[in-house]
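The following paragraphs go through a structure one chain at a time, with stops at helix pairs, cores and a single residue. Please keep the sequence and the 3D view open while reading.

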Amino acid sequence: MNAPSLLTCPRCHRLLPSSLFNAPDFGVCGNCGNTVKIRVFPALSAPLSAEIDGGRAVMANEAACFYHPEKPAVAPCDHCGRFLCALCDLELKGQHLCPACVESGQKKGTFHHLEKERVLYDDIALRVAVYPIVTVFFWFFTIITAPVALFLSIRYWNKPSSLLPRTKIRFLAAIIIAMAQIGLWGWLVFVIWLL
Amino acid sequence: MARKQASPYRRVSGRNLTRHSLWQADDHLLHVRRSEFTERYERFYFRDIQAIVIQRTATSRVLAAIMLGLLALTLILALTRASRGAMVFWWILTAVLGAAALWNWRLGPTCVCYLMTAIDRYRLKALSRVAAAERVLTRLQPVIQRAQADLELLAAPEAPTADRANEPGLYLRHTHATHAGLVEPPPVVHHGAVIRHGAVIHYAAFGLMLVNGLCLAAVLAWFGLLTGVSYVVTLAVLSVTLILALIKQADTDLPARVQRCVWAQLAYVSASVVLSLNFAPMSLSPYLRPYLRGLGMLMPGRYGMSPGDSPVFVGLSIMLIAAALLIGGMGLVFLRQFRQASAPQNV
């Protein structure tokens, strides 16, 4: 591939020779001796389109961008309908969106493909159920933690967990362990009451 | 009930227990970082990936050296113990270390993997072994090329010319990763910068290593509380200095041979810590005998001994003294050469 040398060595930050690009084996940075293997892809050498650079100024009888009145509009926002120039037009999963809609969608959690973080409630429930038993000395905390684990499991059962493939086995285990603990407490209270 | 949720992601790298993992969707890669109760996601669309760089590192070799050193020590201790309890303990430790060394050898050399986009350079922490990184690269290469098929047509006729340096936006595209696109990077007096920020701590580390070697020689020659404590104190200071040097050198362009010396120091310090743990009861027993009875199971017969009484201890000590003088001396010489070579550029 005829790619210009735009990459730098991760260690010394000097430009790497293009002879190292897509070489079958590891090569050595001429400056610092760092051993690297580099795979470059067409995006590295693809020219920037004029649109991304900002484009030309708006002409008479042309629709202008809502955010940049001096730039011509290239597409309407699929969410709010505002006209957008090439700079403001954000393409997400085939949809043309404006930055404001993307921001609000990210805040509201409308766009799952913009999610940066998820809380794993199944892990929390399981650990709340298991930790007091594992630590042995704090077993008596199960009088509080068992109902909490049970609540967490039921409350968040249907809430989206991880983005990755994941079963409900942790929730299930937390429920079983928590119920067993509650059962044991019940039995203990019953025995004390009998005595 | 425990049915798997439908997910567009397929695992590319990383295991269930690891903190970082890499997943593939139809149009992007997902890098996942797991903390205690959360998962953090970074998406890299195949269309935006400019390059993937695998940088080989020496971590696996350092790990192997440390593990083999410890393995040899525990083996010696296991073979020389008289008491059954101590023997069992050291044999178990030897087995664990042996298994860890084998596992490290099986995984192969280590690496740091970077993914470049027009915006930034990202470290893929899920890929830390060369074999795994190459496997992932082989798998992703056709997918990325397919996603960038139209870009390939655009890029092909273009030759790398200096004219592109004036292209608007090009500089911005590579600001973080390169601090310059096709434009030659601004002149950096990098050697001077390294001397100021990194090499001082390296000088200290190599100097301390020589002092530590001499202290160990003093322990062998004049065994006593003073020599023992001075050896342990210099070892502690050296350990801290070494950690600082390792942190500092990551972002400098110190010569590779100096950096290798620092990694060798790490192996030395690890071996020294084990040795000092073994000899501490000898050094302190006349003073702290009542408090050290518990160590008797692991190191029987150490109380009241001097280091010269144990041929194993003497042999290991001599090896460590030689290593300290050799590595410390070489490191100082290399640093001096490096400083001399960079002196004209600092003017």
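Is the crossing in which α4(A) passes α5(A) left-handed or right-handed? The model to look at is a predicted one, and in it α4(A) passes α5(A) in a left-handed crossing. Helix α4 of chain A covers residues 142-155 and helix α5 of chain A covers residues 169-194. Their axes lie 8 Å apart, and the packing angle is about 145°. On the side of α4(A), the contact is made by A:Thr142, A:Ile143, A:Ala146, A:Pro147, A:Ala149, A:Leu150, A:Leu152 and A:Ser153. On the side of α5(A), the residues are A:Phe171, A:Ala174, A:Ile175, A:Ala178, A:Met179, A:Gln181, A:Ile182 and A:Trp185.

These two helices belong to a chain with five helices and seven strands. Along the sequence, the elements of chain A come in the order β-β-α-β-β-β-β-α-β-α-α-α. Chain A has 195 residues, and 42% of them count as buried. If contacts in chain A are restricted to residues at least 6 apart in sequence, 30% of them join residues at least 24 apart. Chain A has an accessible surface of about 10,800 Å², and carbon and sulfur atoms account for 65% of that area.

Chain B has ten helices and seven strands. Of its 347 residues, 44% are buried. Contacts in chain B with a separation of 6 or more include 62% between residues 24 or more positions apart. The accessible surface of chain B is about 17,900 Å², with 67% belonging to carbon and sulfur atoms.

A helix pair in chain B can be described in the terms used above for chain A. Helix α1 of chain B spans residues 59-80 and helix α2 of chain B spans residues 84-107; their axes come within 9 Å and cross at roughly 160°. Because angles over 145 degrees count as roughly antiparallel, α1(B) is roughly antiparallel to α2(B). The crossing of α1(B) and α2(B) is left-handed. Residues of α1(B) that meet α2(B) include B:Leu63, B:Met67, B:Leu70, B:Leu71 and B:Leu75. Among those that α2(B) brings to the contact are B:Trp90, B:Trp91, B:Leu93, B:Leu97 and B:Gly98.

The nonpolar cores come next. The largest has 30 residues, and B:Tyr231, B:Tyr268 and B:Leu275 are those with the most contacts inside it. Four helices of chain B each supply at least two residues of this core: α7 (190-221), α8 (225-249), α9 (256-288) and α10 (311-346). The most comes from α10(B), which gives nine residues. Apart from this core lies another, of 23 residues, and A:Phe26, B:Cys111, B:Cys113 and B:Ile144 are among them.

A last stop is B:Gln24, in strand β2 of chain B, residues 20-24. Is B:Gln24 buried or exposed? With a relative accessible area of 5%, B:Gln24 is buried, because the term applies to anything under 20%. Beyond its neighbours within four places in sequence, B:Gln24 is in contact with B:Pro8, B:Tyr9, B:Arg10, B:Val12, B:Leu29, B:Phe46, B:Arg139, B:Leu140 and B:Val143. Of these contacts, one is with B:Phe46; B:Gln24 and B:Phe46 are 22 residues apart in sequence, and the distance from C-alpha to C-alpha is 9.9 Å.

Methods: Residues numbered from 1 in each chain as written. Chains lettered and ligands numbered in written order. Predicted model: local features only at pLDDT ≥ 70, side-chain atom pairs only at ≥ 80, totals over all residues. Heavy atoms only, no water. Buried < 20%, exposed > 50% of the residue type's maximum accessible area, 1.4 Å probe, protein only. Contact = heavy atoms within 4.5 Å. Areas by Shrake-Rupley, 256 points an atom, 1.4 Å probe, with all protein chains shown as cover. Core = buried A, V, L, I, M, F, W, Y, C linked by side-chain atoms within 4.5 Å. Axes fitted to C-alpha atoms, helices over the stretch in contact; angles between N-to-C directions. Parallel < 35°, antiparallel > 145°, perpendicular 65-115°, else oblique. Left-handed = near helix turned anticlockwise from the far one by under 90°.
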